[in-house]
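Visitor: I work at the bench and would love a close look at one helix pair here. Could you start with how its two helices lie against each other, then follow the neighbouring parts outwards from there?

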Amino acid sequence: MGLIKKLPYYSEKIPGGAIVTTVLETVLHQAQAKSLWYLLFGTACCAIELMCTGASRFDFDRLGMFYRATPRQADLIIVAGTITKKMGPRLRRLYDQMAEPRYVIAMGGCTISGGPFYYDSYAVEKGIDHIIPVDIYIPGCPPRPESLLEGCIHLQEKIKKQKLSDWQEK
Amino acid sequence: MVELPTEEFVVNMGPQHPATHGVARLILTLDGEKIVKIEPVIGYLHRAIEKVCENRTYAQCIPIIDRFEYVTAMSCNYAFSLAAEKLAGIEVPERAEYLRVIMLELNRIASHLLFYGVTAMDIGAVTPFLYGLRERELIVDLFEMTCGQRLTYSYNRIGGVSRDIPKEFIPQTHEAIKIIGAKLSDYEGLLNENPIWLARTRGIGVLPKETAIAYGVSGPVLRASGVQYDIRRNDPYSIYDRFDFDIPVRYHGDCYDRYLLRLDEIRQSIRIITQALDGLPGGEIRAKVSPNFKPPPGEVYSRIENSRGEMGIYLVSDGTKKPLRVKARGSSYNHFEVLPQFGTNLLVADIVAIFATLDIIVPEIDR
Amino acid sequence: MTGKPVLFIELYGLFHWLYEKLQATGLSQAWVNIITYTALGLAIFTLLALVALFLVWWERKISAHVQQRFGPMRHGWHGWYQTVMDAIKLLQKEDILVDTRDRLVFFWAPVICFVAAFSAYVVMPWGKGLIVADLNIGILYIMAITTFTVISLLMAGWGSNNKYALLGGMRSAAQMVSYEVPLVASVLVVVIFVGSLSMVDIVKAQSGLVFNWYIFRIPFGPIAFLTYVTAATAEANRTPFDIPEAEQELVAGYNIEYSGMKFAMFFLAEFINLFTVSAIAATLFLGGWNGWAFIPSWLWFLVKTLGMVLLLMLFRWTYPRLRVDQLMEFAWKFLVPVTFANLIVAGVFRYLGWYW
Amino acid sequence: MTKDELKEYVSTHFDGKLTPLDTGRYDPMFQVKVEDLLEVARALKADKNLQFDFLCNLAGVDTKEHFEAVYSIASISKNLRLDFKLILPYDKAEVESVQEVWPGINWYEREMWELYGINVLNHDNLKRFLLPDDWDQGYPMRKDWDAPDFKRMPEF
């Protein structure tokens, strides 16, 4: 984590430092929630819906979400589309390249459980939660832009309620 | 003068890259900025659609074939139901034929608008991407009104269409077409005479006529190389022979012509839709087909012209209620195969421009 | 030691009071200077940081409205504290250090970029008397300092040991060097007429009527202005010359391996470069802080600079991107000859005195 | 030239190498023996009033008794469409590569080899490209193929 993240551990030790931790905690997580930069990553039909959500009608930018092409600067990866067995290790490598406070939205049926290709397909990963840890699942094939936006808002709530202590064991 | 030894290095325009729409991958061997060798790699979106369809009844195959090419999903399930109808010799009612043509042409316009946006963004102008998608929303509303889905419609059934159009469909379609026809002049004003756009696309990636035909390239890319071949005219299916529209063709075969040709095609599609809307007859929308539909044994390769090129479904039936073999042929498969033939003194920026104007999308390649 | 400080402090109003107070406490002369200058530096740094944050927000809003969408809306009225949130988020991000990187070069690249961007404001005339130090080689100093960004981009490209970053770094070096020549040549046209390099003299020479601004000095004024703006967009790496971090070709160009605070430094330096380039344009061609009296002089300067920034932003959201060789060709085969011809004609006219 | 004229012309002209079949439902369907595939392909392309220069599709089919390789070709200038197939027994499923007649068939043959195991002779780069590189579970598109984690849709 960045330097700032280590500050609360020291401030807890000094008497009355707990207030500093809680204030810092809320500020840091509010900031993280309010500016989620998502990675430009889309494989199949959900990628077209992701583009439509980024376009003028349902605008991601209103929530402060801006696309970044390199995983280093992205802190949210929206897995949009079917992940096949050949793409699985690539997805894992992309996730590892991202900077630490990173979140994952599994968009569409294929990323939750394999979607329409659950039966009879020898090449599709049945859901991505065994490849990367997933924070928000958005069902739908492809989900409507409104449900994608709602998923992002749920993710923002989840980030705001985070505790600094649960960075401890990660 | 000592010659500095320079070595080439291999760059991976890998599965996750802004310019490869989806997960196509290009292994480029670069000498500085010049591309020495292009090696396309596919398979990152191979969902085994053909294996899935072999274990589905004919009616269940339609939503699967929808995901085969999701940008023009209407043409996918139309090709499949056309193949099944040819197998079983089903007679499709008039109104269903008209509705199918209207939906196909609307989907072609939507796909060309997406092409316009993505090509402009790949060559650097981000704003046309948003304009293209804004117009596309008009058409997506029409689809949502009739079949409830924004992208993968599953609108066709074997023997006709699934739902009739609501009564406010026709006025809203006229409205949408009028807006899109007007906005086309904005698009052309923004890019057509832009000296930077001309410098980036004119004369880049010239595809000669012989290579195009030899590599099975079809659709707007073939017509931009000077071959006037459109399945709607040359191998007519459905009721396209009743409408008068012309097939735009251009002769330079470079990125600029491929870009211009698609804007012309939008105008032609608008002509078809207006004629189809005026001549829309009454009557029921689906032929009587029994739920467990078993076509007689036989095989057929039915092909239609979708926005990217020739889309064909090769269907083999052995008399049971599940198809023995479904082979879906997409045009991006040949377009991606022809990429290394574009000559080698290209720069990285050129390969991005060519890739965008070939309008390649990955599900057609990997199936 | 005379009463006057070693270096003539122009910011009379603000810092004279601080200077008097320190002198009263009887510290030694050196200490007094150090404290005043650090206070001055901090003031300029915070001012520029605020300007940079504002510019990032403004760019997102303008790009949104050009593209018929809303841009940041949810965080504050029209998302005003969106960039503050971005900055705090970048603070807490993990700082990924790839172990195959070139340690020193990788670490110092953003620092040099940041320092080069900020140190151009030593001689920037914010208003009447609002200048840190009126060096008599003002504009030459700015031209020299801003070329440091070339080195930092090259270092970033080389240091991240990433093929795309290397391509981005090489491209930025080629572009910035070849656009430095027309930039300096078009600036020289103004310097010929002013007769001095100092920024304050340049602005003083344009005082009085609006027609004294150098943009209206027909025929070389407008030509110099146009060539300056073109070369300036290339200097600030903005479309149609943004090939160093061309999103579609090189994923993110030189800043591909940087995350967290290092990337924030590059990001802010890019916007401060944009502000510097427009501030120079405003000072040289649009008459710095000259304007009717009832608006304070620094507000004139801000209005003109933000006008230039708006122009550069609109360039970004309308034009496609040039290819590398076309960009070089445009610089050497078109821009350089035009600026040199303009310079020679301006010189002859100045020598013979045929200008009003 | 209508479909029946085409059918009649083709079955008479290539000295019996293309025997018409009636399984095709829309376009004329022929059968070709495995050994004279290359010669028939060259003849079809070179023939003056046929000129089949456009390759639509090559599909491998597993009909539980034998393999079939179905070639669908078209002629751009003459507006013609034709399909012909090769019956390949399970044990000796080999096909000649017709790359130099229709260069576009390169990837189709490669895919047929990868998914069906129908070997293609003197093909220029017969490598795996659709399935993951470490794929070792045989040829998945065959009817008798199975794998541990391969779930079939339950009948209802």
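Guide: Happy to! Helices H2(B) and H3(B) are roughly antiparallel to each other, a label for angles over 145 degrees (under 35 is roughly parallel, 65 to 115 roughly perpendicular and the rest oblique). Please keep in mind that this is a predicted model, in which local features need pLDDT of at least 70, side-chain atom pairs count only at pLDDT 80 or more, and totals for chains, interfaces and linings use all residues. For finding your way, residues are numbered from 1 along each chain as its sequence is written, with chains lettered from A and ligands numbered from 1 in the order in which they are written.

Back to the pair. H2(B) covers residues 58-66 and H3(B) covers residues 73-88; they pack at an angle of about 150°, with their axes 8 Å apart. Helices (H or I, at least four residues) and strands (E, at least two) are DSSP runs, numbered from the N terminus. Axes are lines fitted to C-alpha atoms, for helices over the stretch in contact, and angles run from 0 to 180 degrees between N-to-C directions. H2(B) passes H3(B) in a right-handed crossing (right-handed if the near helix is turned clockwise from the far one by less than a right angle, left-handed if anticlockwise). On the H2(B) side, the contact uses B:Tyr58, B:Cys61, B:Ile62, B:Ile65 and B:Asp66; H3(B) answers with B:Ala73, B:Cys76, B:Asn77, B:Phe80, B:Ser81 and B:Ala84. Two residues are in contact if their C-beta atoms, placed from the backbone, lie within 7 Å. By class, this helix contact has eight nonpolar, two polar and one charged residues (Ala, Val, Leu, Ile, Met, Phe, Trp, Tyr, Cys and Pro count as nonpolar, Asp, Glu, Lys and Arg as charged, and the others, Gly among them, as polar).

Staying in chain B, let us turn to a sheet. Four strands form an open sheet in the order S1-S2-S3-S9 (chain B), with antiparallel pairing. Strand S1 (9-13) and strand S9 (346-347) of chain B are its edges, each pairing on one side only; two strands pair if DSSP finds at least two bridges between them. S1(B) is joined to strand S2 (residues 25-31) of chain B by five bridges in the antiparallel sense, and B:Phe9 has B:Leu30 of S2(B) as its bridge partner.

One residue of this sheet also leads to another chain. B:Val41 sits in strand S3 (residues 34-41) of chain B. B:Val41 is partly exposed, with 18 other C-beta atoms within 10 Å (20 or more would be buried, 12 or fewer exposed). B:Arg25 is 16 residues from B:Val41 in sequence and 5.2 Å from it in space, C-alpha to C-alpha. Leaving out residues up to four places away in sequence, B:Val41 touches B:Arg25, B:Ile27 and D:Phe129.

That brings us to chain D, where an open sheet of five strands runs in the order S1-S2-S5-S4-S3 (chain D), with mixed pairing. Its edge strands are strand S1 (18-21) and strand S3 (54-62) of chain D, each paired on one side only. On average, neighbouring strands of this sheet are turned by 30° against each other, direction ignored. Helix H1 (residues 3-13) of chain D packs on the sheet, where it touches S1, S2 and strand S5 (80-88) of chain D, and its direction makes about 145° with that of S1(D). Helix H3 (residues 106-116) of chain D also packs on the sheet, touching S3 and strand S4 (67-75) of chain D, at about 10° to the direction of S3(D).

Chain D meets chain A too: the contact takes eight residues from chain D and seven residues from chain A. The chain A side has four nonpolar, no polar and three charged residues.

Chain A itself has six helices and five strands, and 54% of its 170 residues are buried. Its contact with chain C takes 24 residues from chain A and 33 residues from chain C. H3(C) gives the most to the chain C side, with seven residues.
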